[in-house]
Amino acid sequence: INLLHNILNENEAKLTGIRNKISIFNSNQMNANYLKNKIKNIDECPTCYQKVTSEYKERIFKDQDEKILEFKNEIESLINLEMKNSEIINNNKKEIEELRKKLMEIEAKRIRHENLLKKKEEITEFEDNSENIKEKLLGLLNQKEELDKKIQENILLEEAFRKAKTEHEEI
């Protein structure tokens, strides 16, 4: 994106330069037309007061027409260049916007991925805890069974003791 921004800035600077040149050539063209109109209407030189001949006027017109034609050609060429450069700038802006969107999508996916990893870790931790609880529960159930057996044995022993005591008292 930064590279495209740099390219965009370069193209915008080129576009500004092209527009400045177009302005300069338009100004030169206007000056040439102004000079033609000024020469067209004078009969005498304002500095030396000599008569301005039609040959001289024609030569000035011809020179100025050649310059005007050159300026028009340059302006036309620069306008084409300006259009191409504007198109490149628009394409760069679109590409930057598309890259920004893709970057935002990637960032959103990265965040979702991180959240999924955290949840996976939590699930693994929960499963580990659940396994530990199951093991402890099994241990407790085994202890209960053993205690139940001992209680049962004690009950049987107590009954046997009472029976033996009763028999002993009878003797």
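**Salt-bridge network**

I looked up the linked charges and found that E107, R110 and E114 are joined in a network of salt bridges. I took a salt bridge to be a side-chain nitrogen of Lys or Arg within 4 Å of a carboxyl oxygen of Asp or Glu. I note that this is a predicted model, in which local features need pLDDT of at least 70 and side-chain atom pairs count only at pLDDT 80 or more, while totals for chains, interfaces and linings use all residues. Residues are numbered from 1 along each chain as its sequence is written, and side-chain values use heavy atoms, with hydrogens and water left out.

Within the network, I recorded the salt bridge of R110 with E107, where the closest N and O atoms are 2.3 Å apart. Both residues lie in helix α2, three residues apart, so about one helical turn separates R110 from E107. For helices I used DSSP runs of H or I with at least four residues, numbered from the N terminus, strands being E runs of at least two. R110 is partly exposed at 37% relative accessibility, and E107 is partly exposed at 34%. My classes were buried for under 20% relative accessible area, exposed for over 50%, and partly exposed in between, with a 1.4 Å probe and protein chains only.

**Other salt bridges**

I searched the whole structure and obtained nine salt bridges. One of them joins the side chains of D43 and K57, at 3.7 Å from N to O. D43 lies in the loop between α1 (2-40) and α2, and K57 in helix α2, so this pair ties together parts that are 14 residues apart in sequence. The partners fall in opposite classes: D43 is exposed at 56% relative accessibility, whereas K57 is buried at 13%.

I also noted the salt bridge between R100 and E97, with 3.9 Å between the closest N and O atoms. R100 and E97 are three residues apart in helix α2, which places about one helical turn between them. I found R100 partly exposed at 35% relative accessibility and E97 partly exposed with a relative accessible area of 38%. As background, side chains of opposite charge can pair when their charged atoms come close.

**Cysteines**

How many disulfides does the structure hold? I counted zero disulfides, a disulfide being a pair of cysteine sulfur atoms within 2.5 Å. The cysteine sulfur closest to that of C45 belongs to C48 and is 3.4 Å away, too far for a bond. Viewed from C48, the closest cysteine sulfur is that of C45, again at 3.4 Å. C48 is partly exposed, with a relative accessible area of 42%.

**Loop between α1 and α2**

Y49 lies in the loop between α1 and α2, and I recorded its phi as near 60°, a positive value in a residue other than glycine. Most residues other than glycine have a negative phi. Y49 is exposed, with a relative accessible area of 58%.

I42 is placed in the loop between α1 and α2 and is partly exposed at 23% relative accessibility. From I42 to N9 I read 50 Å, C-alpha to C-alpha, for a pair 33 residues apart in sequence. For D43 and N142, which are 99 residues apart along the chain, the C-alpha atoms are separated by 130 Å.

**Surface patches**

Which residues form the negative surface patch? I listed E121, E122, E125, E127, D128, E131 and E135. Patches are made of residues with over 30% relative accessible area and no salt bridge, like charges being joined within 9 Å and nonpolar side chains (Val, Leu, Ile, Met, Phe, Trp, Tyr) within 5 Å. Lys and Arg count as positive and Asp and Glu as negative, with His and the chain ends not counted. Each charge is placed at NZ of Lys, CZ of Arg, CG of Asp or CD of Glu. Of the patch members, I checked E127, which lies in helix α2 (residues 54-170) and is partly exposed, with a relative accessible area of 49%.

I then noted a nonpolar surface patch of L137, L138 and L141, which together have about 290 Å² of accessible area. Accessible areas come from the Shrake-Rupley method with a 1.4 Å probe, and for residues only the protein chains shown count as cover. L138 is found in helix α2 and counts as exposed at 53% relative accessibility.
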